[in-house]
Amino acid sequence: MSSTRRARRNLLTPIFLAAVLILLVIDRSGLLPGLHTFMPVGFQWLMLLGGVALLLGAFNVVWLHLQRIWGGHRDWPLSLVLIAVLIAIFVAGVVSPSGATSPIMGWVFDNLVAPGQAALFALLIFFVAAAAYRFLRIGRPGGAWMLAGALIVLLVEWPIATGWLPPVLADGAFWFVGGPVMAAVRGLLLGSGVAMLVIGLRLLVGRS
Amino acid sequence: MSITCPHCGATNPDDANFCSRCGTDLRTESAQRPPSSSESGADRSIAPEQAEQIPPEQGRGAGEQPWLRPDFLGDDDIPFEAEDLALGEAVDDGVSDATDIPVVAGRLVSGVQGLLEPIRVATMPGETAGEPSVVLPAAPDAALSIERLRRVRALMGEEPLLASARGQTLRSRAALWVPWIFLVMALAVAAPFLGIGMRNTGTARAWPGVGSAFAAINHLSAASAVQILWAYDPATAGEMDVVAAPVMRHLLDKGVRPTIYSLLPAGPATARRLISAVQDQELQRGGGLGQAALEDVQFLPGGVMVLPAIAQEPATLALVFGAQPEDVQAWLEQVAPRNGAPVVAITAAGADPTLRPYLDSGQLVGLVSGFDGAATYTALLDQRDPTAQDEGMKLQLAGQNLAILAIIGLIVIGNFAALFGGRRNDG
């Protein structure tokens with residue numbers, strides 16, 4: 001491909017992004033009332049794109065695991081199980097006239113998906129405990145502050161402590177979370193927002 | 001001639017010091033590689049003497065681009081584990097041996113929805129490096145690179161506090177402590193289910209926002225158009241269902257037929273499950289609820305970008321059921337300014353601090369969060385204390401109480417361990 005063609009192709013992305021950006025700004029500002037009739041179509045396209053991307057992802061997963069099975073790679077039986085479950089769920093959803101709300105799908109969701117996801121998420125408590133043990137220490141730079149903050153929040157979030165904790169501690173924690181912590185969080189959000197804006201502009205003008 | 005980045009596979013000029021795509025240091029790579037390696041296609045991340053261990057199908061292409069291999073677990077593992085093991089060996093020997101060849105350990109668990117990623121194999125209880133599957137190339141400055149990598153990673157946020165401890169020898173005692181930490185937490189969480197532990201679950205604190213949320217829903221009529229963003233799935237349903245159930249019961253009791261949207265694939269099923277449970281529970285209690293149209297739960301693919309599409313529909317009230325504050329923030333940014341519907345957030349306790357300023361500023365008209373919010377809302381709805389009768393909630397609260405107690409205890413023990421064992425960076 002010649003450098004001219006490549007440059008033109010590279011220019012298409014920022015032009016497209018700039019067009020979308022301008023459309024969104026105009027839509028949000030309400031400068032062109034007629035645009036409201038067009039924007040829903042755009043969002044419908046976006047949803048279609050999202051659906052297609054989801055399907056492509058599913059095909060990619062199937063293809064990858066079929067390769068693992070055919071090649072006899074490590075843990076290929078797990079890939080086989082994944083493909084079998086995927087086909088079973090797909091068939092159960094397609095065959096049943098009620099689709100995603102069919103009893104089979106409901107059973108799978110209630111007895112397999114929900115407990116599995118909940119169990120995996122619950123494992124986080126172990127990492128939280130290990131991290132608290134290791135990192136919340138007075139000896140570290142700023143560790144005393146982190147320790148004090150964590151202990152106050154933990155105590156206030158502890159339901160059984162509400163009976164014997166002095167209200168001033170709860171009020172203090174409320175102020176701590178709503179004041180200094182939120183100031184820091186908002187600072188971070190503003191900083192990241194400005195950074196995203198700058199990166200976006202750099203992308204638009206081709207300086208990324 | 002060009003250099004292929006061992007990390008991301010991008011092609012870089014031969015004289016490049018860093019990868020133009022991912023920033024990987026290419027100087028070590030180019031120093032230890034024979035000049036003709038790019039033409040011969042030898043795998044740069046694998047020592048030549050180990051090349052015969054690699055299956056033929058994972059030869060040239062897969063070696064240069066390991067992520068194309070079906071059994072690839074994550075390229076970040078290689079420097080990560082190698083660093084741990086090199087440092088671990090330094091601990092065992094009592095000295096930091098700069099010429100140790102780091103060995104990649106087998107990964108115990110990997111990438112289950114990203115939840116288990118923080119596990120380092122070298123810090124797992126009783127875990128030792130298994131048979132080396134890949135040996136990284138030995139180079140005179142290998143230890144220096146690893147040390148530099150460790151510092152860069154620490155500075156970039158993984159362990160910011162460690163980065164300030166320049167020149168300190170990293171001594172890992174994690175293998176001694178981590179099993180005990182896990183055991184204590186497991187006992188704390190399981191104790192209520194074994195009939196051990198406190199039966200006093202404490203009292204709920206009535207945080208501001210619950211009363212206004214109750215009032216906003218109480219003013220609705222059967223004809224009110226209510227939008228719901230269902231932004232949680234079974235992963236967080238253990239807490240969120242408890243918070244969402246009384247609010248949903250209140251909505252159905254008012255005869256509202258909400259339109260429910262979800263951006264999560266498992267969101268609609270989670271919503272239907274909760275609504276069915278609420279209706280069944282109410283039937284068992286002899287009450288009657290308005291029938292929610294369960295088929296009205298819609299999954300919207302496309303993520304947060306499609307949220308403005310929802311704003312085309314007018315609404316009297318909008319409710320966001322989400323475990324993360326970002327879901328509420330996205331609604332406030334993308335939908336609320338367009339359709340002008342007041343917003344009530346129903347969230348997990350962890351999201352409360354981030355969302356409370358939105359309540360104070362008036363962007364949220366109500367905020368119900370965590371067990372405290374659920375108990376307060378139920379008390380407003382039924383004029384009773386929900387924890388007094390609900391055994392399931394009692395168990396959950398007892399588990400939460402003991403888990404928090406265990407974490408506080410572990411923090412205290414950790415500080416004592418650091419005090420008596422000297423200042424350590426790890427374990």
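**Figure 1. Oblique packing of H4(A) and H10(B) in the predicted model.** The axes of H4(A) and H10(B) come within 11 Å and cross at roughly 120°. Angles from 65 to 115 degrees count as roughly perpendicular and those over 145 as roughly antiparallel, and the two helices are therefore oblique to each other. H4(A) passes H10(B) in a left-handed crossing. On the side of H4(A), the residues in contact are Phe109(A), Asp110(A) and Ala114(A); on the side of H10(B), they are Ala269(B), Thr270(B) and Arg273(B). Sorted by class, this contact has three nonpolar, one polar and two charged residues.

**Figure 2. Salt bridge between Asp110(A) and Arg273(B).** The side chains of Asp110(A) and Arg273(B) meet at 3.0 Å, N to O. Asp110(A) belongs to helix H4 (residues 103-122) of chain A, and Arg273(B) to helix H10 (residues 267-284) of chain B, so the pair joins two chains. Both residues also appear in the helix contact of H4(A) with H10(B). The count between chain A and chain B is one salt bridge, while the structure holds three over all chains.

**Figure 3. Interface of chain A and chain B.** In this predicted model, 58 residues of chain A are in contact with 78 residues of chain B. The two chains bury about 6,300 Å² between them. Of that buried area, 70% is on carbon and sulfur atoms. The interface includes the salt bridge of Arg273(B) with Asp110(A).

**Figure 4. Helices H2 and H3 of chain A.** H2(A) spans residues 35-71 and H3(A) spans residues 76-95. Their axes come within 8 Å and cross at roughly 140°, which makes H2(A) oblique to H3(A). H2(A) passes H3(A) in a left-handed crossing. From H2(A), the contact takes in Val61(A), Val62(A), His65(A), Leu66(A), Arg68(A) and Ile69(A). From H3(A), the partners are Trp76(A), Ser79(A), Leu80(A), Leu82(A), Ile83(A) and Leu86(A). These residues divide into nine nonpolar, two polar and one charged.

**Figure 5. Helices H9 and H15 of chain B.** H9(B) covers residues 237-253 and H15(B) covers residues 370-382. The pair packs at an angle of about 25°, with the axes 9 Å apart. Angles under 35 degrees count as roughly parallel, and H9(B) and H15(B) are therefore roughly parallel to each other. The crossing of H9(B) past H15(B) is left-handed. H9(B) contributes Glu239(B), Val242(B), Val243(B), Pro246(B), Val247(B), Arg249(B) and His250(B) to the contact. H15(B) contributes Gly370(B), Phe371(B), Ala374(B), Tyr377(B), Thr378(B), Leu381(B) and Asp382(B). By class, the contact has eight nonpolar, three polar and three charged residues.

How values were computed
Residues numbered from 1 in each chain as written. Chains lettered and ligands numbered in written order. Predicted model: local features only at pLDDT ≥ 70, side-chain atom pairs only at ≥ 80, totals over all residues. Heavy atoms only, no water. Axes fitted to C-alpha atoms, helices over the stretch in contact; angles between N-to-C directions. Helix = DSSP H or I, 4+ residues; strand = E, 2+ residues; numbered from the N terminus. Left-handed = near helix turned anticlockwise from the far one by under 90°. Contact = heavy atoms within 4.5 Å. Nonpolar A, V, L, I, M, F, W, Y, C, P; charged D, E, K, R; others polar. Buried area = accessible area lost by both parts, 1.4 Å probe. Salt bridge = Lys/Arg side-chain N within 4 Å of Asp/Glu carboxyl O.
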